[in-house]
Structure formats: C-alpha cells, structure tokens
Amino acid sequence: MSWEANRWTAKTPSELYHTLGPHGVDELIRNGLADVWRALPEEGRTIEAAIGAAREVADYNTGVWRKIRQPSPAAFFEGLRPTNADGHFRQAMVLCWMMMPRSGGRKVSDALKIISQIFERNLAAWREDNATFTGTRAKPTRKGSAKKAPKKVRKGKSKAQAKRATAKK
C-alpha cells in the first residue's frame with residue numbers, strides 16, 4: 001500500500017467526510033464518466049455509446065466487488081483493469097466504503113447500493129444535459145422505461161352512480 005493510501009486509511013469515516021466532502025464519491029464517479037467519454041473514438045462518440053461503455057465499466061467493477069467475501073484493501077483492488085475509468089470507479093467504491101460508518105458493521109452490498117444510486121443519478125444528468133445541448137429529447141431512463149400498469153376498469157356502476165340512479169327513481 002502506498003504512503004498516500006495508508007494516510008487515508010488511517011482516517012476515520014467522519015475525518016474523510018470532513019476532508020473530502022459529501023461530493024467525494026460523486027466526483028470520482030463523474031471523473032470516471034469523463035474518462036469513458038474521452039476514451040471513445042471520435043467518430044463513435046455518442047451519448048448512447050458513452051452510457052453503454054460506462055455501464056460496462058460499472059457492471060464489471062461492481063461484479064468484482066459482489067464476489068468479495070472478506071473486505072480488505074487487497075480484495076477491493078483485485079481484478080482492477082488498467083483504464084482511467086476503471087481506476088476512478090474503483091476509487092469511488094473504496095472511498096464510499098471508507099466513509100461509511102464503522103459502528104454496527106459495514107457491508108459491501110450497502111456500499112454497492114450507494115455507488116449504484118450515485119452512478120444512476122449521474123447518467124440521468126448526462127441524458128438531461130445531452131438533451132439540453134443537442135436539442136433532442138432524452139430517452140427514458142432504465143427505471144422510467146417500464147410501462148405503467150393500466151388503470152383498473154370497474155364493471156358495472158360505481159357506488160356514487162348507483163346512489164344517483166336510485167335517488168332518481
């Protein structure tokens with residue numbers, strides 16, 4: 001472990017939060033997204049391609065973390081690919097873990113939920129910004145793309161209609 005990494009791991013979660021701020025994890029995710037964008041070839045640089053590539057980075061790294069049985073610095077960086085985007089994404093995951101309160105125990109699954117929320121929030125912002133700057137409508141997000149269930153249609157008269165009908169007689 002480098003001296004710098006050792007310096008950060010010696011801090012408590014509240015000290016890290018105080019130093020790096022509530023935006024620390026979000027900033028690392030955004031840096032990873034920017035790396036994904038810049039790594040795409042110019043001729044294929046579209047919002048859809050970038051979101052697909054970003055999802056691939058996120059899916060790979062969260063998949064590695066889902067396999068962790070005993071959290072440790074070595075386990076957190078196992079299988080790390082040599083791209084800037086992967087490095088930023090993994091750093092965001094580690095920072096999230098380190099900033100989580102230690103009392104009551106920490107779970108890798110909880111860190112992954114937090115990372116997923118921040119990642120999805122950033123992708124939604126990308127879509128919105130893309131629509132703003134290109135003048136095109138944003139496609140629905142993964143969560144919003146599900147079709148809504150049709151409203152239930154009652155057979156026969158409602159209670160209010162039945163009362164009115166009997167009142168008229």
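Here are a few notes on helix α4 and two of its residues, tyrosine 60 and threonine 62, in this predicted model.

1. Helix α4 first. The helix covers residues 47-66, and its length checks out: 20 residues at 1.5 Å a residue should span 28 Å, and the end C-alpha atoms do sit 28 Å apart.

2. What does α4 pack against? Its buried residues meet α3 (24-39), α5 (73-76), α6 (84-99) and α7 (108-134). The buried set is a mixed bag: Ile47, Ala50, Ile51, Ala54, Val57, Ala58, Val64 and Trp65 are among them, and so are Arg55, Asn61 and Thr62.

3. Now tyrosine 60, which belongs to α4. Is the residue buried or partly exposed? Its relative accessible area is 29%, so tyrosine 60 counts as partly exposed, given that buried means under 20% and exposed over 50%. Leaving aside residues up to four places away in sequence, tyrosine 60 touches Gly79, Arg81, Asp86 and Arg90. For Gly79, the C-alpha separation from tyrosine 60 is 9.4 Å, with the two residues 19 apart along the chain.

4. Threonine 62 is also in α4. With a relative accessibility of 7%, threonine 62 is buried, because the cut-off is under 20%. Which residues does threonine 62 touch, not counting those up to four places away in sequence? They are Phe89, Met93 and Leu112.

5. One polar detail to look at: a polar atom of the threonine 62 side chain lies 3.3 Å from the backbone oxygen of aspartate 59. So within α4 we have a buried threonine 62 at 7% and a partly exposed tyrosine 60 at 29%.

Notes. Residues are numbered from 1 along each chain as its sequence is written. This is a predicted model: local features need pLDDT of at least 70, side-chain atom pairs count only at pLDDT 80 or more; totals for chains, interfaces and linings use all residues. Side-chain values use heavy atoms; hydrogens and water are left out. Helices (H or I, at least four residues) and strands (E, at least two) are DSSP runs, numbered from the N terminus. The expected span of a helix is 1.5 Å times one less than its number of residues. Buried means under 20% relative accessible area, exposed over 50%, partly exposed in between (1.4 Å probe, protein chains only). Contact means heavy atoms within 4.5 Å. A polar contact is a pair of N or O atoms within 3.5 Å; within protein, one must be able to donate a hydrogen and the other to accept it, and residues adjacent in sequence count only if both atoms are side-chain atoms.
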